[in-house]
Amino acid sequence: MPLKGFAGFATRKALAAVTTIFAIICLNFLIFRLLPGDPIRMMFRDPRVSAEQLQLMTEKFGLDKPLWGQFLAYLQALFQGDLGISFWQKRAVLEVIADRIPQTLLLVVTALTIAIILGILLGAISGWKSGTRLDTFILTASLSMYSIPAFSLGIILMLIFAFYLSIFPLGGISTPASGFTGLGYWRDVLWHMFLPTISIVFWYIGEYVLLTRSSMLDTLDQDYITTARAKGLKEFAILRNHALRNALLPVVTATGINLAFAVAGIIEVETVFSWPGIGRLVYDAVMKRDYPLLQGTFLVFAVAVVLANLVVDLIYGFIDPRIKVGKAE
Amino acid sequence: MSTVRRRLTEAWGFFQLLLTHRMGVLGLSVFALFAIIALFAPFLHTVDPGKSGVVENILIPPNSQFWLGTDDLARDIWSQVIYGSRISLLIGFLATILTIFVGSLVGLISGFYGGKIEEVLMRITDFFMMLPQLPLMIVLAAVLGPSIWNIVFVVSIVSWPFAARIVRSQVLSLKERAFVEASRCIGASDSFLIFSEIMPNVVPLMFAEAVLIVTEAVYAEAVLSFLGLGDPTTVSWGMMLHFAFESGAMVKAPWWVVPPIVSIVVLILGFTFLGTAVSDVLKPGYKEKRGL
Amino acid sequence: MRTKKGLLSLLVVALLALSLVTACPAPTTTEEVEQLNATIADLEAQLAAANATIVDLEAQLAAAMGEPAEEIAYGGRLDVGFTAGEGLETLLCDSNWQYTEMGCVFWPLVYDQLWIMGPAPDYEVLPMLATSWETEDGITWTFYLREDAVFHDGVPVTAEDVAFTIENLPNADPAWAFTDIITEPGSVKVIDDYTVEFTLEQSIGTRWPAAYWAPILPKHIWEPYTDDMLSFSNDEAIGSGPYKLKEFKAAQYVWFEANEDYWGGRPYLDEVVFRTYGSEDAQYMALKSGEADMIGYLGCSAVAAEDFIGLEDMEVIVSPGIGLQWLSFNLYKDTPLQDLEVRKAIMYGIDRDRVIEMAFLGYAQTADSFIYPEVAEHNPNLPQYAYDVDLANEILDNAGYLDSDGDGMRDDLTFELLAPSDWTDELKAATLIKEQLAEIGIDISLTVLDLDTYYEYIYTPEEEEYEIAIATEEPGPHGEWMWEFCRSYEAGGEGWNTAYWANPDFDEALDAMLAEVDVEQRTAYLYEMQMLMAEDLPYGVLYRPDLINPVRTDEFEGYVETMGGISTWINPWTYFELHLK
């Protein structure tokens, strides 16, 4: 019996998300079996390790079981929230990642909010004034910003504003051992955040400008806008009350999908500015070849993207009843 | 023979249409510029980009002998940038070919046969589309080890689902059209249909996709190399940035950092413009709008 | 330092007094008494002169040690820069205390050791928590502890803590290898509150005492975690060292303050801050701006050095390096590298001076052994393999490696040179070596791998995954462990011997050296071992990069220099001795 209405739609979506997450878990497990050599030996860069110690570690990391057994053990551990033990930090991967999440959220939420607001604003203007010089300028600028990889923009901003002009700090999240508390601390954090935030904003803004613009152009072609115009409504009122509101729907959807994309910017910018978040953690995990940690960060990123998409789908389905029908078929 | 001529005429027409688009012109020029640079690299005042120089020439600023200065082994930056374009374009084109091949295969098969096959293939496609690209690329590159072939592979892994989707939807709409139905009626085989009727109509769309894959590949090479997952024995823009960042000579020698960044940005921007132009031109009604 | 100086002057006075007493037989006549009086007056004058000399000597000594004769001021905060990936993420007692740059400088500030290796040039064995120790055979050791040491939480350090550490530290993290405190089960005994005795599994000789570079942990804190010491987060890092942990922010900074109750007197500095920087450039900029006072590990690159020379309030301290670089030849794999003549030709064919000039801008010295030239056990008569293209070509021609197809490369002499991707200096060197060996017709292709795969490959030569590898280690003045690289597989060298070298004479000398109690005989064995290695060339030692340390001098003075620079795992002395100007 097919499920009906929003509840059915939501259940289907959630089921699909769960399947995807399971597939991600399988993929994640398999990729790391492609590694050449023995990961336990790799952990020890020092040859002064005895055979017993090797054996001990192999058991500790569960690598003495056959592949199938390893997979089951991996699944079982996952359900208990155990993502393994970091080779490098010697503690639970989940704990390592959890330590970094607040810093990343701070940076990403700030940057995305700014990028979305500015992007929608510029995109709306561009679409509204389509064909004018302003439109061409905004369009070209957005495409250009979108083309500069976030890390290279970061390097350039860092060279100019941190190295040559010394206006902003050389990286990090706060001044080390400053003893700042309360407001002073947050001011310090804001000062450190400035360049990384700008780098991420620059990268995402283009995406939102382009989306809003094309969605705006579609909306402006609709009959009700023409009607509104015919009724002699003020241009700005039409923009605000009719066009923009309708043009925003696709932008909302895109936010979910863009999260997959946003992850890239986080990794690059956090690396350049040594921002102590998950992005920098990925870089360090790569440098240290800490495979459990790398596996963990990948899982967290992938699951976050799937869940964000699910949330956006649900919100979208809730707002726009037509979608349920459309997607259900 | 006549089909070949017809295709060529079509392609020429498409090219001329592109030239009416400002971004198309810009994009094509950038592409032409880098293609020429890559092809004629040995004749462009270059030396062996990997060959070390003499100690007096270590990290010297741009001058008449070294147009863009030198790096920390007295290697010529100009030559590295020029030869780096070969690596970027090579990775770009190989990744494009691989992506288009896999993507088209999946798209064609699922679009053409439908049913269970389609469902399974599209599930897989959706799954890969859902994965965050850079983390996946990093994980794969870390596991597979540093080489440009692995970068090609990694870029293809993250790009093929998009190609597959586009091809599939195109096949679906073409399948319903009259000429495919007609061929079916006269007993044409599946492969004949795919290659003679459907493929040619999918090509322009794939061209738009291909252009975007090149930008993806250039970006991937740059970012993976920058993160230390590139191959240090090849001269590429990403590796230049990586070495400059790691050496601690970035502030001292901006001429080591700026040229690769500019090259990466210009190439990606050019191809993005080209991609925008191609999809604009392919939109129904483009000719009319332009009054052509 | 000050206690040592005091001891010295006491000794001089005591000797003078002794000479006075022995110079005086009992007086018998007035003449004799007068004569004696004259002698006494004379001696008094001499004593006065000697006293003046002592004062003078003290001043000279103080000057030589970089300490002003007057009272040294306490205070100041020292900011030390580290590279981000080398910072500490946790305070767990794990191998990051050995393998990360910040970790190996961090713990010697917070934790005391039983004994410590002194600074250059003697690297003598100095007492720390232990005041003295005894052993006959290098197997059974008795340590006598000082009675005034106290942990940061006020609990005294006793034999219980030392016994606990010796028993459990080697199991804390298997990735952190201890070789000189692997004890016979049940042999660690607490004799009394300040005496501990234990028996090792095998002799470590007597040149160096046991428990080298092992932090003594407080038993009352760690005991509940004996089974799994990594499960204790160690947030407060309670030790008995000269510094206390003030604040720790993972991946950002470690903030120390002076331990006022330290048994040796508090350090001069009030605070030390280890800060991490995202790139080398950021670190250099911070030094120039005064945000950081020094670099915490391995100093700066040769390229950056000249930017610091001549800057106001900055000094560039160049020290002999602690790292040695060499080529490891895989002698297991069936290649012409098994032929000694080929290895010799390769060594003659490498222009080390040019590598040093290009890759290190001259900041490196050629090296010929696993023992540094300034260390007493270094054999000065080793073959040098000075750059000589003609000789290299002659050797190869005579050995029958000819270029039959005229492509400029000799037949069969095509090798892979393995290097890890994140060692920039070694990569540069490898590029140059490849170019140079092409000159003698050896075709080198460079294979670059991530560090872990690299180690995996070189430590298993029998898997035939590599042919030649560029390798580096920091043996340190202690350095005995380096020789395990040369122990044959038959003699238990598996997992160490990256060259798969087997030489029974060497194995015999190595075992004899390790168990030798007589210092001169031990040196003789080491001479022999070095010669065997240099002649047979399983490893071709190339050079030793200098350490370039730019430091700020506006606020502080008294940076202590050893091999490897002012701050390394063998040198915590800068943090003990540095003080305000």
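**Figure 1. Chain C at a glance.** Of the 581 residues that make up chain C, 58% count as buried. Everything shown in these legends comes from a predicted model. The secondary structure of chain C comes to 16 helices and 21 strands. If you look at contacts in chain C with a separation of 6 or more, 71% of them are accounted for by residues 24 or more positions apart. The views in Figures 2 to 4 pick out strands and helices of this chain.

**Figure 2. An open sheet of six strands in chain C.** Welcome to the first close-up. Following the sheet from one side to the other, you meet the strands of chain C in the order E14-E18-E13-E17-E15-E16, and their pairing is mixed. The edges belong to strand E14 (364–366) and strand E16 (443–449) of chain C; each has a single partner strand, so one side of each is left without a neighbour in the sheet. On average, and with direction ignored, neighbouring strands here are turned by 30° against each other. For a look inside the sheet, find strand E15 (residues 414–420) and strand E17 (residues 468–473) of chain C, which run parallel and are joined by two bridges. Leu418(C) has Ala469(C) in E17(C) as its bridge partner. Helix H13 (residues 451–458) of chain C lies across E15, E16 and E17 of chain C, and runs at about 130° to E15(C).

**Figure 3. An open sheet of four strands in chain C.** This sheet has the strand order E4-E5-E7-E6 in chain C, and its pairing is antiparallel. Strand E4 (130–135) and strand E6 (189–192) of chain C are the edge strands, each with a single partner strand, so one side of each has no neighbour in the sheet. The average turn between neighbouring strands of this sheet is 20°, direction ignored. A good pair to start with is E4(C) and strand E5 (residues 140–145) of chain C, which pair in the antiparallel sense over five bridges. Within that pairing, Thr135(C) stands opposite Trp141(C) in E5(C). A helix belongs to this view too: helix H5 (residues 159–172) of chain C lies across E5, E6 and strand E7 (195–199) of chain C, and runs at about 20° to E7(C).

**Figure 4. Strand E9 of chain C and its two antiparallel partners.** Is strand E9 (residues 253–258) of chain C largely enclosed or left open? Five of its six residues are buried, so E9(C) is largely enclosed by the rest of the structure. Strand E8 (residues 243–249) of chain C pairs with E9(C) in the antiparallel sense over six bridges. Tyr243(C) and Ala258(C), the latter in E9(C), are bridge partners. E8(C) and E9(C) form a hairpin with three residues between them, and in the turn Ala251(C) has a positive phi of about 65°. E9(C) also pairs with strand E10 (residues 271–277) of chain C, again in the antiparallel sense, over five bridges. There, Val254(C) stands opposite Phe274(C) in E10(C).

**Figure 5. Chain A, a chain of helices.** Now we turn to chain A, which has 13 helices and zero strands. Of the 329 residues in chain A, 53% count as buried. Among contacts in this chain between residues at least 6 apart in sequence, 73% join residues at least 24 apart.

**Figure 6. Two helices of chain A meet.** Two packed helices are described by the angle between their axes and the distance between the axes. Helix H6 (residues 133–147) and helix H8 (residues 182–220) of chain A pack at an angle of about 135°, with their axes 7 Å apart. H6(A) and H8(A) are therefore oblique to each other, and H6(A) passes H8(A) in a left-handed crossing. On the H6(A) side, the residues that meet H8(A) include Ile138(A), Leu139(A) and Ser142(A). Among those they meet in H8(A) are Phe202(A), Gly206(A), Val209(A) and Leu210(A). Sorted by class, the contact of H6(A) with H8(A) has 10 nonpolar, two polar and three charged residues.

**Figure 7. Ser142(A) up close.** Ser142(A) is found in helix H6 of chain A. Is Ser142(A) buried or exposed? With a relative accessible area of 1%, Ser142(A) is buried. Which residues is Ser142(A) in contact with, leaving aside its neighbours within four places in sequence? They are Gly206(A), Val209(A) and Leu210(A).

Methods:
Residues are numbered from 1 along each chain as its sequence is written. Chains are lettered from A and ligands numbered from 1 in the order in which they are written. This is a predicted model: local features need pLDDT of at least 70, side-chain atom pairs count only at pLDDT 80 or more; totals for chains, interfaces and linings use all residues. Side-chain values use heavy atoms; hydrogens and water are left out. Axes are lines fitted to C-alpha atoms, for helices over the stretch in contact, and angles run from 0 to 180 degrees between N-to-C directions. Angles under 35 degrees count as roughly parallel, over 145 as roughly antiparallel, 65 to 115 as roughly perpendicular and the rest as oblique. A crossing is left-handed if the near helix is turned anticlockwise from the far one by less than a right angle, and right-handed if clockwise. Contact means heavy atoms within 4.5 Å. Ala, Val, Leu, Ile, Met, Phe, Trp, Tyr, Cys and Pro count as nonpolar, Asp, Glu, Lys and Arg as charged, and the others, Gly among them, as polar. Buried means under 20% relative accessible area, exposed over 50%, partly exposed in between (1.4 Å probe, protein chains only). Two strands pair if DSSP finds at least two bridges between them.
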